Amino acid sequence: MSRREEYEQKTEQLLEPVVTGFGFELVDVEYVREGGTWYLRAYIDKPGGITVDDCEAVSRQFSDILDEKDYIEDSYVFEVSSPGLGRPLKKEKDFARSIGEEVEIRTYRAIERQKEFTGILKRYDSETVTIAYEDETEQTFERADIALIRLALDF
């Protein structure tokens, strides 16, 4: 396990009770370097959406825990935010909640000269994801070939 994965996992374990205590869902945790600065980001959600005040409440409470546990060696910026409309499907619960919904899939390499696909999420397992198109045909993708899968955005 990489140091990054270790930090994300430890943060998720410590943050989960804080987030659920507010009645929210912890969607994801990431530890990333952007422009020379490390960021520890927590994405939270609730029915109806997350507000700035929700993010602030979680951030204030969890900042004390981060200071106490002090398990991240680097200096970093801690952020709490909404996952946004186009949040990626990463966890089992994300896929389960999205069955029957329209999703966008981007692949690492072209499949039949195409890298972007949109369809209704029909099935998934640990190895594959299957979507259905408007004409009722289905296509199955290997999870290893998928760079990104998220709910489709219709404007």
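Student: What makes helix 3 stand out in the lining of the largest pocket?
Tutor: In this predicted model, helix 3 (residues 92-98) gives the most to that lining, with three residues. The full lining is D45, S82, P83, G84, L85, R87, L89, D94, R97, S98, E101 and L151, and the pocket has a volume of about 220 Å³.

Student: How do you know which class G84 falls in when the lining is divided up?
Tutor: Gly counts as polar here, so G84 goes with the polar group. The split is four nonpolar, three polar and five charged.

Student: And the second largest pocket, which part gives the largest share of its lining?
Tutor: Strand 8 (residues 146-151), with four residues. By class that lining has seven nonpolar, no polar and two charged residues. Arg and Lys count as charged, so R143 and K90 belong to the charged class.

Student: Why do we say strand 1 and strand 2 pair?
Tutor: Pairing needs at least two bridges. Strand 1 (residues 25-34) and strand 2 (residues 37-45) have nine, in the antiparallel sense, so they pass. One of the bridges joins E30 to R41.

Student: What sits in the turn of that hairpin?
Tutor: There are two residues between the strands, and G35 in the turn has a positive phi of about 60°.

Student: How are helix 1 and helix 2 arranged?
Tutor: Their axes come within 10 Å and cross at roughly 145°, and the crossing is right-handed. Contact means heavy atoms within 4.5 Å, so T11, L14, L15, V18 and V19 in helix 1 meet V58, Q61, F62, I65 and K69 in helix 2 on that criterion.

Terms used
Residues numbered from 1 in each chain as written. Predicted model: local features only at pLDDT ≥ 70, side-chain atom pairs only at ≥ 80, totals over all residues. Heavy atoms only, no water. Axes fitted to C-alpha atoms, helices over the stretch in contact; angles between N-to-C directions. Left-handed = near helix turned anticlockwise from the far one by under 90°. 1 Å grid on protein atoms, 1.4 Å probe; cavity = no way out; pocket = protein on both sides within 12 Å on 5 of 7 lines; lining within 4 Å. Points joined across faces, edges and corners; volume = space filled by probe spheres on them.
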